[in-house]
Amino acid sequence: MTPPVPDVAIVGCGPVGALLGNLLGQAGLSVDIYDRERDIHPLPRAVHFDGEVMRIFQSAGLAPAIAAASRASSKGMHFVNATGVTLMVRRGLEGPGPQGWAGNWYFHQPILEQILRAGLTRFPNVRVHLGREIGSTDELAARFVVGCDGARSMVRHAIGGHSHDLGLHQPWLVVDLLCDLERPRVQALPDYTIQLCDPARPMTVVHVGGRRWRWEIMLMPGDDPARLTEPAIFWPMIERWVGPQDARLERSAVYTFHSVVHEGWRRGRLLLAGDACHQTPPFLGQGMCAGMRDAANLAWKLAAVVRGESDDGLLDTYESERVPHVRAFIELAVRLGAILQETDPAAAAARDARFAAGASLFDFPQPQLGRGHRAEAAPPVGMIFPQPRLADGRLMDDAIGPRFAIVGETPLLESVKPDAVPLPDVGKDWLKQHGVRAALLRPDRYVFDVAR
């Protein structure tokens with residue numbers, strides 16, 4: 001007997017593929033996930049996600065476990081010049097932000113992946129095939145195939161298309177240390193992220209959580225990438241903070257940071273998500289976040305198409321919505337990278353002079369989705385709706401579930417019978433700010449439409 005064709009096959013069971021599998025499994029779709037590796041990569045890679053991504057984890061039912069394994073931070077990120085003067089600050093956030101969660105979270109990726117994979121075991125309709133390399137999309141009989149298979153994506157190769165280079169390709173050394181918390185020099189490390197804008201050697205310092213700290217060190221002319229990972233080479237570079245007596249090396253590796261958006265996220269049944277369709281420099285900590293937003297956007301659309309609630313033209317809105325959104329983050333990261341990576345002493349001095357009046361403050365952008373299904377729409381359509389607590393104490397998304405919802409004035413909501421969860425008098429301040437009486441929210445909590 002021929003086994004039934006699965007609704008969706010996911011190639012790659014990293015964070016993006018595993019999250020997408022959780023969201024689709026929760027929606028009741030039959031899903032096969034394939035990964036060529038049997039085990040989770042044991043070393044740290046991504047280290048940061050934001051409040052919106054924690055809200056996506058909440059929608060997947062995984063927020064409590066992930067919050068318990070991560071470090072919430074309210075201290076932000078400081079761009080500091082060679083003499084210690086703060087040039088810019090990405091603001092932190094005390095307490096829950098507009099997404100209902102802290103705005104910044106730091107984590108150890110192997111633990112995050114363990115939680116995401118454990119979540120998949122909740123769903124008998126999701127099957128995970130580890131140690132299975134897919135050589136061609138022709139091997140997969142699923143109705144839809146999503147490539148979450150990274151920057152060298154096999155699925156992207158099958159789709160074709162081309163790439164838009166946004167201008168940053170810079171090698172950096174990444175050093176992950178397990179620090180001795182009893183050492184005075186470790187105790188003196190700041191609890192905010194440092195972007196050291198030193199033209200002699202730009203660096204980033206991040207407290208990931210617990211004993212874990214990360215140093216990212218820009219390669220300079222004359223550096224030998226093959227030798228830079230040697231302790232005798234990199235320890236002197238970070239001696240202003242810690243030395244080998246203060247910490248144990250967990251990993252050192254050279255990476256090239258890229259800024260790329262690919263064109264062609266869908267061809268027929270083939271789709272892309274995560275690094276397979278965009279690559280983000282790490283200066284905002286938004287690389288993995290972008291892939292998680294892809295998963296949230298794509299999951300409810302795949303579910304609607306598979307269940308026959310929409311024709312598959314809905315999937316054509318995925319790329320057109322997500323590309324402008326992800327470009328906004330990448331372009332900001334590139335601009336911040338230009339400030340950090342300035343190595344000409346005269347240009348760095350001119351940069352410092354521009355900030356002489358005081359540190360510039362900035363926040364994460366909250367960009368609008370691209371056109372998608374809309375011929376024309378002004379904000380707040382296409383923007384994410386905040387997540388307040390309801391009168392019963394629940395976070396709003398927990399009351400809605402993976403459905404549409406309508407928020408607004410009680411008399412207005414009582415006069416209509418929408419195919420959505422009614423939440424009267426929720427988000428009053430937001431509605432007043434945007435001059436609207438009601439808003440229709442999608443399952444990913446972006447605003448579908450408003451009533452004025």
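Okay, let's start with a charged network: Asp176, Arg214, Glu216 and Arg251 are all tied into one set of linked salt bridges. Keep in mind that this is a predicted model.

So how many salt bridges does a search of the whole structure find? It comes back with 29. Let me walk you through a few of them.

Take Asp246 and Arg185, whose closest N and O atoms are 3.7 Å apart. Asp246 sits in the loop between α8 (231–234) and β14 (247–263), while Arg185 is in helix α6 (residues 184–187), so this salt bridge ties together parts 61 residues apart in sequence. Asp246 is at 1% relative accessibility, so that one is buried, whereas Arg185, at 31%, counts as partly exposed.

Next up, Asp397 and Arg445, with 3.0 Å between the closest N and O atoms of their salt bridge. Here helix α12 (residues 396–400) supplies Asp397 and the loop between β21 (438–441) and β22 (447–451) supplies Arg445, so the pair links parts that are 48 residues apart in sequence. Buried or exposed? Both Asp397 and Arg445 are buried.

Then there's Arg227 with Glu230, a salt bridge at 3.2 Å, N to O. Arg227 is partly exposed at 42% relative accessible area, and Glu230 is partly exposed too, at 31%.

Now, the rings. The whole-structure search gives 14 aromatic pairs. One of them is Phe234 with Trp235: the ring centres are 5.5 Å apart and the planes are at 40°, so we call it tilted. Both of those residues are buried. Elsewhere, Phe49, Phe57, Trp101, Trp105 and Phe107 make up one aromatic cluster.

And a last one that mixes both themes: Arg240 lies over the face of Trp241, 5.1 Å from the ring centre.

Key
Residues numbered from 1 in each chain as written. Predicted model: local features only at pLDDT ≥ 70, side-chain atom pairs only at ≥ 80, totals over all residues. Heavy atoms only, no water. Phe/Tyr/Trp six-rings, centres within 6.5 Å; stacked < 30°, edge-to-face > 60°. Buried < 20%, exposed > 50% of the residue type's maximum accessible area, 1.4 Å probe, protein only. Lys NZ or Arg CZ within 6 Å of the ring centre and 35° of its normal. Salt bridge = Lys/Arg side-chain N within 4 Å of Asp/Glu carboxyl O. Helix = DSSP H or I, 4+ residues; strand = E, 2+ residues; numbered from the N terminus.
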